Number of protein chains: 2
Amino acid sequence: MKKKFDLELFLNEPVSRKNGISLFHQIYEGLRRAILSKRLPSGVKMPSSRLLAKDLKVARNTVMDVYDQLIAEGFLDSKARTGTFVAENLPLELLETKRAENPAKSTISRHIAKRARVFGETSFWFTPIKNAPRAFQMGFSAIDEFPIEIWARISSRKIRTMPRKQLDYGEAQGYPPLREEIAKYLTASRGVRCETSQVIIIAGSQQGLDLIARVLLDEGDEAWIEDPKYNGAKAALLGAGAKLVHVPLDSEGLIVKKGEQLSKKARLAYITPSHQFPLGVVMSLPRRLELLEWANKNSAWIVEDDYDSEFRYEGKPLMTLQGLDNNNRVIYIGTFSKVLFPSLRLGYLVVPPDLVEDFTNALSFILFHAPMLEQLILTDFIREGHFGRHIRRMRNLYAERQKVLINAVKENLEDFLKIEKDVAGMHAVAWLKKGLNDAEIAKKALEQGVYAPPLSFYCTKVKLPDALLLGYTGIAPAEILAGVERLKGMFKSLKV
Amino acid sequence: MKKKFDLELFLNEPVSRKNGISLFHQIYEGLRRAILSKRLPSGVKMPSSRLLAKDLKVARNTVMDVYDQLIAEGFLDSKARTGTFVAENLPLELLETKRAENPAKSTISRHIAKRARVFGETSFWFTPIKNAPRAFQMGFSAIDEFPIEIWARISSRKIRTMPRKQLDYGEAQGYPPLREEIAKYLTASRGVRCETSQVIIIAGSQQGLDLIARVLLDEGDEAWIEDPKYNGAKAALLGAGAKLVHVPLDSEGLIVKKGEQLSKKARLAYITPSHQFPLGVVMSLPRRLELLEWANKNSAWIVEDDYDSEFRYEGKPLMTLQGLDNNNRVIYIGTFSKVLFPSLRLGYLVVPPDLVEDFTNALSFILFHAPMLEQLILTDFIREGHFGRHIRRMRNLYAERQKVLINAVKENLEDFLKIEKDVAGMHAVAWLKKGLNDAEIAKKALEQGVYAPPLSFYCTKVKLPDALLLGYTGIAPAEILAGVERLKGMFKSLKV
């Protein structure tokens, strides 16, 4: 074994002052790679730092720093009075032998968890959405209308004036003044019955759904879910190991009796009673009472996802199921993503007093807490009335956009699509002419640059008439009209 | 059944203009509660809106709005030409009968998931930390030194100048320019070998640990964890259903051979090789190679938590285990919470190319994505050099604080505590005089207002000599000295 140091052996590339990488880093990496690849074998005596510095035309300190680093990391050994050596007994063959066998992109050993495969098999969207909204993407806000200047102003002020301790770890449950504002808002506007102590701040409703499922469901537990359904909830429940029970709907909402037939021992029911996703059905009062009774009798939990109830265009928003519950069976979930802007990632849960501690403990290990600056800004945004004002403005705007969509569809597509005014929501259901398959039509629409997901994409067991879902809230009226034009062209081409 | 409307029946409290609640809301709530409680029974004919408005001395429109709302919600029925009635067939007895049986705070039916109970039984801290840091809380940053004005300035500019589309949903994997900056930083400073495409933005390292555990571990899978250990990692692994294998350490770090003896088929090993938490041991090069070989041979994953490696006070930070891995077995995790400020909640993973899609899919259903504004601000904070500058400043500051702590302990507590300089980290290990029990001493310290968690709190199976852990990074020097004074008083009182 060659025991003498040879400069050539370690410097594949000469040290350069022009490649933007520090001299330290170049020499360090060169030596490290030479040792790992055994070009510099165990036991080789390194030249003195003075000598190497001279050869490399760098400062001696740089070489000394490199030696210190490699000694600290175990690549070199420093022996008193004799010098510096490449470390002995490094089991480098372990690295070498295997490198050849296992190619960098190996699939054989890519063992991941079952739940991760479930996540891979589920998708939010009919097709991946990469760019800004186009007609008729669903669930997007009119971000051009968001009062960003106000947000910026509050943000500046907060960052400059808040107590420094807001930079430290916060409470897992969320910033108390924000929780208080939310409790007030929900009590006054949504008929939620809650104390501030029941409100938990989450990082958006998807994070909340995941949290709920993980706190309440064990692997193999049965959970009711509406069919058709919100796929984010489906993934969250499956991710916690739940066995899904797909419960159909009628014009009064979820058919509780059907759920009881399908599954006697479900631990949880996930529902969107104010405005069912995606059909828009409002759950009737008798049905609500029936569901509460079922939960109470079976000690089951109800998850009420109130994802778009701020956008009710006639009358006030409907009061919540949570507000009817006398037995602490309802976990209520709401989000700021749709009302303010999606990339904010803040939402809230209202949980029964009994469960606050369980949820907070779990949240602290799953997320720690939602980012504090965002919570501080949002608190003032609500307190100063901007939140209420923005909701009212958006309610008018979205009502207007819905009107534009419905009129345009009625005028241009009446042979193919039947669409009705909806008193609430962020998208409309457009029923297809008999004989047209929604998945096929949606694919053809996509080819024309129009995003109009098929209702069947949201169905699991239920078979419903074919329909397209047309979002309108995040789409400017001109885009809505252009989208309808393109759909018209697409439908006409079918006739040929 | 009394079928005539009686004003007294529904108004428990008279309508008031002075209680800050809208007239609409007062009347609505009054009627709703009267119906739910059957004080206003099914079938009662409601007075005309004109009459009720006159009785209540409110505008007729207000009463009409209330009626419309209650009709929409199913509490009232409107019959053409005959008037408005309390709805028939509301199964209200379901609510009523059960209310008495189940008290509001019931524990019988509080069924939660096993993993939620695990979260409840684990804790980050020896005692809950509610307020700002005091001596000697661990893992806190010197938030007083954070350049908040710079953060505020970038924040203002970003919010005002960013494209509006940044308010829309972002990419689950994170904002690409931020991921690029992180990849550059890790390559240059931490010896991580990665492409931008392997970097995933997470909402803090705890969220990342949870994500890793859930993507890689099925219920019942074995996972190695260091003993003593970081409790956040323990909770994350248990939360995914893992069976923990507690592997002891020696002066070279995790004893790989011991791990192999304890568990042949572990799927994952969680380690802190740069600076073991909480002991501070640096994993030796031979041990690192051994661990990589084990992972490769067994197709197991290594989770490298590099939680405090920026704070190395002599020489450069040690290069990572990830940088030695030729077989894509290492998932690397880092955080901005400790380097910048804890309430920011941003961190990053570097995952093997093979796993990027699995992690991104899972993240999209667990979190959707980290908040966008924070990501935008941080990107500029790094690009403009503030990040590097801040790390360098904090490195000097923390080195200084460590010195203050160690000198003060040596001068004042040498009879009770043995403490040595550590070349890295955010806390020091202070070994107790033989015969003193660390849990008892820590409790006595707490009584004196000093937080000094016992090493035994972090141990599961291993029995180590008694020691206290003393954080110093987030504590001002005067506080450090005051804390040492108080410890001195406490120790002196023991002698009595």
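This report covers the interface between chains A and B, the nonpolar cores and the surroundings of one threonine in a predicted model.

**The interface between the chains**

The size of an interface is often given as the accessible area lost when the parts come together. For chain B and chain A that area is about 11,100 Å², with 57% of it on carbon and sulfur atoms. Three residues, B:Y169, B:R214 and B:F365, supply 8% of the area that chain B buries against chain A, more than any other three residues. In terms of contacts, 127 residues of chain B meet 127 residues of chain A.

Polar interactions also cross this interface. The rule finds 39 residue pairs in polar contact between chain B and chain A, both residues of each pair being at pLDDT 80 or more. Helix α7 of chain B (residues 148-161) gives the largest share of the side of chain B that touches chain A, namely nine residues. The make-up of that side by class is given in the table.

| Class of residue on the side of chain B that touches chain A | Number |
|---|---|
| Nonpolar | 60 residues |
| Polar | 33 residues |
| Charged | 34 residues |

Salt bridges between chain B and chain A number four. In one salt bridge, A:E149 pairs with B:R164, and the closest N and O atoms are 3.7 Å apart.

**The nonpolar cores**

The largest nonpolar core contains 145 residues, and A:L291, A:F359 and B:F359 have the most contacts inside it. Helix α2 of chain B (residues 23-36) contributes eight residues, the largest share of this core. Leaving aside residues up to four places away in sequence, A:L291 touches A:W224, A:L254, A:V256, A:A269, A:I271, A:M283, A:I302 and A:L321. A second core, separate from this one, has 78 residues, including A:I182, A:C194, A:Y348 and B:I159.

**The surroundings of B:T320**

B:T320 is found in the loop of chain B between β8 (301-305) and β9 (330-335). Its relative accessibility is 1%, so B:T320 counts as buried, the cut-off being under 20%. The side chain of B:T320 reaches the backbone nitrogen of B:G323 at 3.1 Å. Not counting residues up to four places away in sequence, B:T320 touches A:R32 of chain A. On the same count, the residues of chain B that B:T320 touches are B:R190, B:G191, B:V192, B:R288, B:E304, B:D306 and B:Y332.

Key: Residues numbered from 1 in each chain as written. Chains lettered and ligands numbered in written order. Predicted model: local features only at pLDDT ≥ 70, side-chain atom pairs only at ≥ 80, totals over all residues. Heavy atoms only, no water. Contact = heavy atoms within 4.5 Å. Buried area = accessible area lost by both parts, 1.4 Å probe. Salt bridge = Lys/Arg side-chain N within 4 Å of Asp/Glu carboxyl O. Polar contact = N/O pair within 3.5 Å; in protein donor to acceptor, adjacent residues only side chain to side chain. Helix = DSSP H or I, 4+ residues; strand = E, 2+ residues; numbered from the N terminus. Nonpolar A, V, L, I, M, F, W, Y, C, P; charged D, E, K, R; others polar. Core = buried A, V, L, I, M, F, W, Y, C linked by side-chain atoms within 4.5 Å. Buried < 20%, exposed > 50% of the residue type's maximum accessible area, 1.4 Å probe, protein only.
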